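The following exercises concern a predicted model and are to be worked through with the sequence and structure at hand. Each task is followed by a solution in steps.

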Amino acid sequence: MADYDYDVLVIGAGPGGYVAAIRAAQLGLKTACAEGRETLGGTCLNVGCIPSKALLHASELYEEAHSGALAKFGVNISGTRLDLGQMHAEKEKAVGELTGGIAFLFKKNKVDWLKGYASFTAADTVTVDGRSVRAKNIIIATGSSVTPLPGVAVDQKVVVDSTGALALSRVPGHLVVIGGGVIGLELGSVWRRLGAKVTVVEYVDQILPGFDDEVRKESAKLFKKQGFEIRTATRVTGVTVKGGKATVSIEPAAGGAAESLAADAVLVAIGRRPNTNNLGLDKAGVALNARGQIEVDHRFATGVSGIWAIGDVTPGPMLAHKAEDEGIAVAENIAGLTGIVNHDVIPSVVYTHPEIAGVGLTEEQAKARGEVKVGKFPFAGNSRAKTNRDTDGFVKIVADAKSDRVLGVHIISSLAGTMIAQAAQAMEFGATSEDIAYTCHAHPTHSEAMKEAAMAVTGKPIHI
Ligand code: FAD
Ligand code: NAD
């Protein structure tokens, strides 16, 4: 290693970076990870997946207890009271335990945490907190940040981004969410359950970009039933804040009469963009594509020898598990092994109630490529869902018409996030719908809906 400080230096300790660092160290490479935040774990553990799921869980419990929904099961609760401070405290505890866990794993695996923001000074050298560090391989895993909406200033009090929306100290009377994507619907759900009226303003004509069309339509119906107001094909033209209240100006995206919405809080959730500023990429010779992302090949190598990139900073879905799998693969590739990620099989889950999950091609994408067969089974025909009085949603399986190979699976169900793993594994193994249909599924479980949807591909479901 002569004059290198490290075999591998990872920039960023999110799910991509910390996993890459641990795997590289496990493979015997001398590894460091630079992270500018006070704690490890990146967006996901600090201000993303983990705190949002903590609030989704807690708010679901509150709504169940508070709304009287349990009375039909003979569970009568009175005098429920929201203690928002305690809800935030429990969320912080989960975040602290998990970010602390990464620090422990770094120590256990002998990964050096270089505290500070790294910037390239050459293709094999960065400075971190004034110290120059040279590494044989550098993995860029700097993640992404909130996309700002021009003309809308986030103050994290009245106008918040996802980080601010995870920490509101009061339940807003009216929350206007700009963007009907994953963040808008998850965090909108949290505050609606805690008592806010929630209006979602979405620029295009449907919520949940990227999901199967039928799933998008059915989810919009279910969210509206829960009390969400959803204004699709609507543009926000400005937000003004006065005396702690906001006025959101909107108009039809296609043009038309303007309106204004009075809000106690506004959440801007129109997407995220890759973190490449102040990274000195020009000094390393790494170029960006038109979307500001770092392009990589199937090994996660950039065009510059010894520089690799993974996670949100690269093209593809901005998901923690995609970043993690790329982290493992890039470390294995650097170590001379064969690290692979099958980007055709990356599940995606929206953790609302019901959950919404998908993997592989949507029906529209599959049809654009060739002839397909589609099997669908509603939870209204699933015995466990009926027993639990939890029948919203369906499973839909899209298979190739000739080979019967499963091309995509889409689920709306309280357990969709857990159920989608079976579909991902089946697809990874190249399963046909018949393979799923002839797999014995335990009774009574929601998973039987997957088997029935597979049976429906050939027109033979039993319970409908
Ligand atoms: P990040 O997690 O963004 O980590 C990058 C790290 O790099 C950051 O800690 C940053 O401080 C550090 N960094 C940046 N530049 C430098 C530098 N120059 N030097 C040193 N360090 C640097 N995904 C899911 O799969 N499931 C979910 O449920 C989910 N929920 C989410 C909820 C919210 C509210 C948000 C905002 C996101 C959510 N995501 C979820 C997306 C998920 O958080 C990201 O896809 C994931 O964190 C990406 O991992 P990453 O390692 O690429 O980057
Ligand atoms: P998103 O891309 O999911 O949704 C953004 C939405 O905003 C889209 O529907 C888009 O059409 C709309 N939009 C864009 N510009 C607009 C405008 N000017 N006015 C109104 N609407 C506008 O982005 P997000 O919800 O901000 O989430 C960012 C990323 O974080 C996503 O890529 C997602 O993968 C990730 N994330 C994942 C999870 C999860 O896996 N459960 C949870 C949260 C976030």
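**Exercise 1.** Which helices and strands each supply at least two residues of the shell around ligand 1?

*Solution.* Step 1. Helices (H or I, at least four residues) and strands (E, at least two) are DSSP runs, numbered from the N terminus. Residues are numbered from 1 along each chain as its sequence is written, and chains are lettered from A and ligands numbered from 1 in the order in which they are written. This is a predicted model, in which local features need pLDDT of at least 70, side-chain atom pairs count only at pLDDT 80 or more, and totals for chains, interfaces and linings use all residues, while side-chain values use heavy atoms and leave out hydrogens and water.

Step 2. The elements are helix 1 (15-26), strand 2 (31-35), helix 2 (42-47), helix 3 (49-67) and helix 9 (320-334). Helix 2 makes the largest contribution, four residues.

Step 3. The shell (residues with a heavy atom within 4 Å of the ligand) holds 38 residues, and the closest are Glu 35, Thr 43, Lys 53, Ala 118 and Ala 320.

**Exercise 2.** Identify polar contacts (pairs of N or O atoms within 3.5 Å) of ligand 1, and state how much of the ligand is buried.

*Solution.* Step 1. Oxygen atoms of ligand 1 lie 2.6 Å from a polar side-chain atom of Thr 43 and 2.9 Å from one of Asp 312. Ala 320 takes part through a backbone N or O atom, at 2.8 Å from a ligand oxygen.

Step 2. Taken alone, ligand 1 exposes 1,000 Å², of which the protein buries 93%. Such areas come from the Shrake-Rupley method with a 1.4 Å probe.

**Exercise 3.** Describe the packing of helix 3 against helix 6.

*Solution.* Step 1. Two packed helices are described by the angle between their axes and the distance between the axes. Axes are lines fitted to C-alpha atoms over the stretch in contact, and angles run from 0 to 180 degrees between N-to-C directions.

Step 2. Helix 3 and helix 6 (residues 182-193) pack at about 35 degrees, with axes 9 Å apart.

Step 3. Residues in contact (heavy atoms within 4.5 Å) include Leu 55 and Leu 56 in helix 3, and Leu 187 and Val 190 in helix 6.

**Exercise 4.** Which helix gives the most to the shell around ligand 2?

*Solution.* Step 1. Helix 6 does, with three residues.

Step 2. A polar side-chain atom of Glu 186 lies 2.8 Å from a nitrogen atom of ligand 2, and an N or O atom in the side chain of Glu 202 is 2.5 Å from an oxygen atom of ligand 2.

Conventions
Polar contact = N/O pair within 3.5 Å; in protein donor to acceptor, adjacent residues only side chain to side chain.
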